[in-house]
Amino acid sequence: MDVVRDGGPGGLPLCLWGKFSAAVGLAYPLLFHSLDAAAVAGQVWDRFLSPAQREVVMRGLGLGERAARAVVMLAAALHDLGKAGPFQTCEPRAWALVDEAFRRDAGPWRTMRHERASMHVGLQVLEEFGYRLEGNDSPAVRIAQVLGGHHGLFLQLDIRGAAAAARVAHDLGGPLWQETRRRYAWQVRRLTGAVQIPEQVSVEAAVVMTGIVQLADRLVSQPHVWMPQAQAPGSGALDHWMSLHAPAPEAPEGWAAHVVTQAGLENVQLPEKPFTHVHAAVREPSVLQASVIERLPELVRREGGGILFVADSTGTGKTAVAWHASDLFNRHTGTRGCTLLQPTTAIADAAYEGMIKTVTAHQPARAPVTLVHSHAWLHAAYLDARLARADRQSTVDEHYEEPDTLDTAAQPPQHGRPERKVTVPETFLGGFDRALLAPFAVATLDQALMAMLHTRHAALRTLALSGRTVIIDEAHAYSPYTRTLLCRLVHWLAAVGSSVIVLSATLRSTDARRIGHAYLTGAGHAATEAAAVDWTVPYPGWLFVPARNPKPARMTGPEHERHTLATRRTVHLSPLPVPSTSDQDTDQTDRLDVLTRLLQPMAQHGGCAAVSEPTVEDAQATYQHLKQTLPWNDPRSELVLLHARFPGHQREALVRRLRTVLGPTGPRPERLLVVTTSMLDMSLDLDLDLMITHLAELEVLLQRLGRLWRFEERWRKAGLRLRPAWARHPLMHVLIPQQEDQVAIPEHWGRADQEYHLHATAHLLETLPTTPAHHPADVSAQSTPAHHPPTDRQTVKITLPDHVPGLLERIHHGPGHTTPTPESGHTHPHTAHEQRMAALARTHLIPAPSRTGSLADLTRRTLHAGQAPTRETVSPARLLPCYRQTSGHLTLDPAGRFPLPDNDPLHPPQVRSLLERTLPVPQEWVRHGPRPTVPSSWHTHPLLADLVLLAADPHDKAPVPFGSYHLRLDEELGLVQTRS
């Protein structure tokens, strides 16, 4: 074998194809596709990877940067080596172009997926190169599994069975095929310069490398990328390799670099700007913000990255602190970019707009920002081009068969960019798993947790989250199940070189300890060393623990006291008992009478208030009752119903309206009442004069208190008086269901798993000291029936932030505090439930890097993103309301003007029009009964194929039956559900 001669024109056979266009009959040589992937992988290393990501690979391989980069390029070049075998026959027209000598030498080969074939033949050539071949952790095995994992799943490698040399020779063609694969491999090794052999390949390095290989393969597999290459004049391997790096008129930086930059993959370091410039709304940093600004830079410069906890009341600027800290980490520790993880899509939408403003304030030349969650298509940032289905299958390659992958980059946007902003991402970054690769991203936590589950392409998500700063907001808002997944995520983030910032308004000490322990053990410290760290987070305040030297630094005592004094405010909680019986209708009557009386001052004298209900059904009943009983000037503008079972476009419009009129600048309405469920709880910058809520967990009540008088200090400094006369202090009524003077949680709440915390919270409110306080209802002269709570009932005064830590510890049995004693029978089942949920989560998790033997341990199950169990509950079904006309046709409107589209392919505006009308419902509701078939063109669209049609009669208000469930979409109430 003459490697030098093989690199020249005519040296290696080019008849074996790597890409084929069925539409035009165009084939692209496998060798050139391999070299394309290697060159692009090299440019991904240079232009996209952060220094921290490179360090993970270099440390994991035990090589310097140049040698590690070459190994990554070699893996990318070998990823499709298995296509030189039975794969060639999968397209008859392309197989006909293969030389007769190869077809004669096929022999009795065994058909297998080409990624498995690449892993098997790769193992042989890697051993021939000198890579150590022993157990699961040997370099030859690990790199071979990287090759096998380039389509999203790591495969088990049997080195003495299917991957043995004799078996590979028997299964994958005769001597000519075997020799050609060897010559291909040696040629790409020569051209990539991967002559230095790693003595080790860590799990972390292998996963990051797999992500790079997957990314490079996707980039060079785009038809608009490889087809022009296929039409260029033929050449030898060396000439083709040189052409990939040579400047050209359309690609001055070279073809491979151009592919990466055109995809929007950028390593962005934002220009340094003062805190008050980036956060223009902050005239002067708070004490907590100033503490981080002054002390954290020196800590980070000296100790490197790590984990930062920030705990403070709602509305005090924690996100601004996190952003500043993220910029410090990126500037001094080799990380780049930032991913902000939120608990819900509504919060992510609001945070996305905030991140765009923050990034723009740094005035970068280019810094794409993406929004990543399952309903991102509802947001204006989700370009129409991202809704387009992949173009018709013109490329024969298994890569494009994934139903959860949208290859929107294969065709340019039909309508162009709406405008050229530095934060607008390129089309390639519009794919659901690719969007996390953007330098700056706002996502729901689920999107990151998928990297910790046995999902396809989890390595690509890990690549996106590695070597950057990851902010976890609302860390208290998760169930025991999700918290278990979160700890594993934090563990992996530390292992792959990321810094983590944890934000919370109600952070429990146990959660801080678990998350911190997971981070330090992921950073390589012993469990005993991590457990010895004092994880106490001052409240309010911050705690920073470096990954390298776990010596904690925290907000000082004087700083803590000054910040507490500056942000101190008193709020009033009024626990009001309401009757609870087994008869839901009776419960509703008594509760609604109480609500009516409490809201009379607002209805008569103006103001802004909210009523938070436990279920959608309760919210609908409350809305209807208050609309009929309270005196309104214009109920359409003064009374708002908001819950999750409105069609998406209607719900998002309501949220946007409330964020505007209840925001800091208004215009604030004279009178507004919002009846909702839990959609105003977290991270929405709203101000209310009064709130009435059902009994909820203490953390939720504290979050809701953050909506009361949120902008009072800002308005006071501006000389504004926007409160009605009856609102003398921040007040929240808590309606506590009782039966025979005991807390009795109604069955229809459906919250058995949280019942302990509800009882504990009710007990806590009863035991806290009370004080006489003015109630808004005192303004009203209405009489009080005997079964109603008196209006002069004393209230609980809570001083924020002083009382928060003690209250949380009392609820969660913290040491040194008085433990409440809820009604017997709840403590043990609650603990058992949390343990069961944590155990269930562990059954779904991938192992920690230190406990991973074979890379196949990371994908033992075949799950797509939509199947990932990121929450313990079953994912909801998506319901699309429509109307069956007398002709039998289905339309989106009752008048029949807009039929369900069925053209193929569907246009992006059509897809948007459908998706924005959908709403979530429990799977159980639509499991039985007639389900109209969706149009045929929807079956191949990943966003439409699983929709359930709610086909109603436009002339009849009767609900549509689904077994025992009956559903009806009401324009005012949203989806109404009844059960027979």
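## A tour of the predicted model

Start with the whole protein chain on screen: its accessible surface comes to about 37,000 Å², and 51% of that belongs to carbon and sulfur atoms. Accessible areas here come from the Shrake-Rupley method with a 1.4 Å probe, and for residues only the protein chains shown count as cover. You're looking at a predicted model, where local features need pLDDT of at least 70, side-chain atom pairs count only at pLDDT 80 or more, and totals for chains, interfaces and linings use all residues. Residues are numbered from 1 along each chain as its sequence is written, and side-chain values use heavy atoms, with hydrogens and water left out.

Of the 980 residues, 62% count as buried (under 20% relative accessible area, with over 50% exposed and partly exposed in between; 1.4 Å probe, protein chains only). Switch to cartoon view and you have 34 helices and 26 strands (DSSP runs, numbered from the N terminus: H or I of at least four residues for helices, E of at least two for strands).

**Stop 1: strand β16.** Select residues 731–739. Of these 9 residues, 8 are buried, so β16 is largely enclosed by the rest of the structure. Now add its partners (strands pair if DSSP finds at least two bridges between them):

- β11, residues 569–579, runs parallel to β16 over 8 bridges; look for valine 578 with its bridge partner, proline 737.
- β15, residues 690–694, is also parallel to β16, over 5 bridges, and isoleucine 692 stands opposite histidine 733.
- β17, residues 742–743, is antiparallel to β16, with 2 bridges; glutamine 739 stands opposite glutamine 742.

Zoom in on the β16–β17 hairpin: 2 residues lie between the strands, and glutamate 740 takes a positive phi near 55°.

**Stop 2: aromatic rings.** There are 14 aromatic pairs (rings of Phe, Tyr and Trp, using the six-membered ring of Trp, with centres within 6.5 Å; planes under 30 degrees apart are stacked, over 60 edge-to-face, the rest tilted). Show tryptophan 17 and phenylalanine 87, a tilted pair at 4.9 Å centre to centre and 40° between the planes. Tryptophan 17 lies in β1 and phenylalanine 87 in the loop between α4 and α5, so the pair ties together parts 70 residues apart in sequence.

Next, pick tryptophan 95 and tryptophan 177, which are stacked at 6.4 Å and 20°. They sit in helices α5 and α10, so this pair links parts 82 residues apart in sequence. Both are buried. Add Phe102 and Trp109 to see one aromatic cluster with Trp95 and Trp177.
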